[in-house]
Amino acid sequence: MAFDNIRLEKGMYREGGKSFSQVLEALDPSESYKGTALEGTDAFQRQLKRFGIRVRGTGSDTVEKFFSTFESAVLFPEFIARIVRQGIDEANILPSIVATVTNIDAMDYRSIYSVPQAGDKMLADVVEGASLPATTIRTREKLLPLKKHGRMLVASYEALRFQKLDLFSVMLRQIGAYIRTSQIEDAVNVLIEGGNDPQAEEFNIGTAPISGTAGTLGYDQLVEFWAQFYPYEMNTMLVCPSMMINLLKLKELQDPLTGLNFQGTGKFSTPLGAELLRTSTVPANAILAFDRRYALEMVQAGDVNVEYDKLIDRQLERAAITTICGFGKIYEDAAKVLYLE
């Protein structure tokens, strides 16, 4: 079959604007396998089958299997990238807080923005022949800062050659988890501090328009905080674990249906209709709330990057695994913070 005749080489990682998997798919399209036993596999998985490499389960091969030939060794960096990506995707709350993801093939990115005035948020009646109200979209003056996150894989081929791939995968997924945590921290920092934009609007319990006593959180304060979001929706709340406990102690959040939802899905919903997410990156005395449809843009410069030369040539002493991404606000007033004190 076609996948048996593809010549694998390191240069496939260098084709501009394409990942290794995309290069493989161009040479061996998955559409060609519809109605066959290989339907549902992608080009990389078919290459693993070609060389008889089993990467999971009790019968998984050792790392050494990748290096049985030079061509099979070319698959090793992509294997690492895929497993690290799995670690990033596990328990990842970014899809729940990001309005849009922009993929770029560069190190510089300048986003667009619009700052509507109060009158711009309403549709006005226009008499015949009159001009329509305008919404102005501009290019930002400053570049959106991109950060590199990653880990250095420090191990020799000799140390890894007899290790099972499924055990090695557990360690790689942990690297992905570290990267995921760093990305979430960056996203939360931009939502609160603003990055290149103004800080999120702050509210304090005990200071108008929020009633109550500083340091004490009640349902009334949540409702008053919710009311500050119009015309946006407060549909997402990020809190640290200790704040999550405070919220769940409110009698309004002890509704039986809320408990059933948690027991069935592991997710909380508040009586205000917002999704409640937990992350240690939010300050302990704060509730970060926003309209996820309009608040945050995530910009990625490529996918998980692995130093393929060192991995393919068996010199694994220091091989970097990295991602490059950044975050920027879309609408400044779509995110707000409530501080207990």
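Contact is taken here to mean heavy atoms within 4.5 Å, and in this predicted model Glu-297 is in contact, beyond residues up to four places away in sequence, with Thr-100, Thr-102, Tyr-109, Ser-111, Gly-326, Phe-327, Gly-328 and Ile-330. Glu-297 belongs to strand S10, which covers residues 296-301, and with a relative accessibility of 6% this residue counts as buried. The C-alpha atoms of Glu-297 and Val-98 are 6.0 Å apart in space, although the two residues are separated by 199 positions in sequence.

The largest nonpolar core comprises 42 residues, and the members that touch the most other members are Phe-66, Phe-76, Phe-79, Ile-80, Phe-168, Leu-172 and Ile-321. Two or more residues of this core are supplied by each of helix H1 (20-27), helix H2 (43-50), helix H4 (76-89), helix H6 (157-160), helix H7 (165-193), helix H11 (308-312) and strand S12 (319-329). The greatest contribution to this core comes from H4, which gives seven residues. For Ile-321, when residues up to four places away in sequence are left aside, the residues touched are Ile-80, Val-84, His-149, Gly-150, Arg-151, Leu-153, Leu-172, Ile-175, Ile-179, Val-304, Asn-305 and Val-306. A second core, separate from the one just described, has 27 residues, including Leu-94, Val-190, Ala-200 and Phe-327. Phe-327 is also one of the residues touched by Glu-297.

On the surface, Leu-167, Val-170 and Met-171 make a nonpolar patch of about 270 Å². Leu-167 is located in helix H7, and its relative accessible area of 42% places this residue in the partly exposed class. Helix H7 is also among the elements that give two or more residues to the largest nonpolar core.

A search of the whole structure for salt bridges finds 16. In one of them Arg-140 is paired with Asp-197, with the closest N and O atoms 2.5 Å apart. Because Arg-140 lies in the loop between strand S3 (138-139) and strand S4 (147-153), whereas Asp-197 lies in the loop between H7 and strand S5 (201-204), this pair ties together parts that are 57 residues apart in sequence. Arg-140 is buried, with a relative accessible area of 11%, and Asp-197 is likewise counted as buried at 11% relative accessibility.

A further salt bridge joins the side chains of Asp-186 and Lys-147, at an N to O distance of 3.4 Å. Since Asp-186 is part of helix H7 and Lys-147 part of strand S4, the pair ties together parts 39 residues apart in sequence. Asp-186 counts as buried, at 12% relative accessibility, whereas Lys-147 counts as partly exposed, at 43%.

Lys-336 and Glu-201 also form a salt bridge, in which the closest N and O atoms are 3.0 Å apart. Lys-336 lies in strand S13 (residues 335-339) and Glu-201 in strand S5, so that parts 135 residues apart in sequence are tied together by this pair. Lys-336 is buried, with a relative accessible area of 3%, while Glu-201 is partly exposed, with a relative accessible area of 41%. In addition, a network of salt bridges links Lys-10, Arg-14 and Asp-309.

With regard to cysteines, the count of disulfides comes to zero when a pair of sulfur atoms within 2.5 Å is required. Cys-240 counts as buried at 5% relative accessibility, and Cys-325 is buried with a relative accessible area of 1%.

The backbone also shows several features that merit description. Most residues other than glycine have a negative phi, and most peptide bonds are trans. The peptide bond from Ala-208 to Pro-209, however, is cis, with omega near 10°, and Pro-209 is situated in the loop between S5 and helix H8 (219-226). The peptide bond from Tyr-230 to Pro-231 is cis as well, with omega near 10°, and Pro-231 lies in the loop between H8 and strand S6 (236-239). Ala-91, which is not a glycine, has a positive phi of about 50°. Ala-91 occurs in the loop between H4 and helix H5 (94-97), where this residue counts as exposed at 68% relative accessibility.

Note on methods: Residues are numbered from 1 along each chain as its sequence is written. This is a predicted model: local features need pLDDT of at least 70, side-chain atom pairs count only at pLDDT 80 or more; totals for chains, interfaces and linings use all residues. Side-chain values use heavy atoms; hydrogens and water are left out. A nonpolar core is a set of buried Ala, Val, Leu, Ile, Met, Phe, Trp, Tyr and Cys residues joined through side-chain atoms within 4.5 Å. Buried means under 20% relative accessible area, exposed over 50%, partly exposed in between (1.4 Å probe, protein chains only). Helices (H or I, at least four residues) and strands (E, at least two) are DSSP runs, numbered from the N terminus. Patches are made of residues with over 30% relative accessible area and no salt bridge: like charges are joined within 9 Å, nonpolar side chains (Val, Leu, Ile, Met, Phe, Trp, Tyr) within 5 Å. Accessible areas come from the Shrake-Rupley method with a 1.4 Å probe; for residues, only the protein chains shown count as cover. A salt bridge is a side-chain nitrogen of Lys or Arg within 4 Å of a carboxyl oxygen of Asp or Glu.
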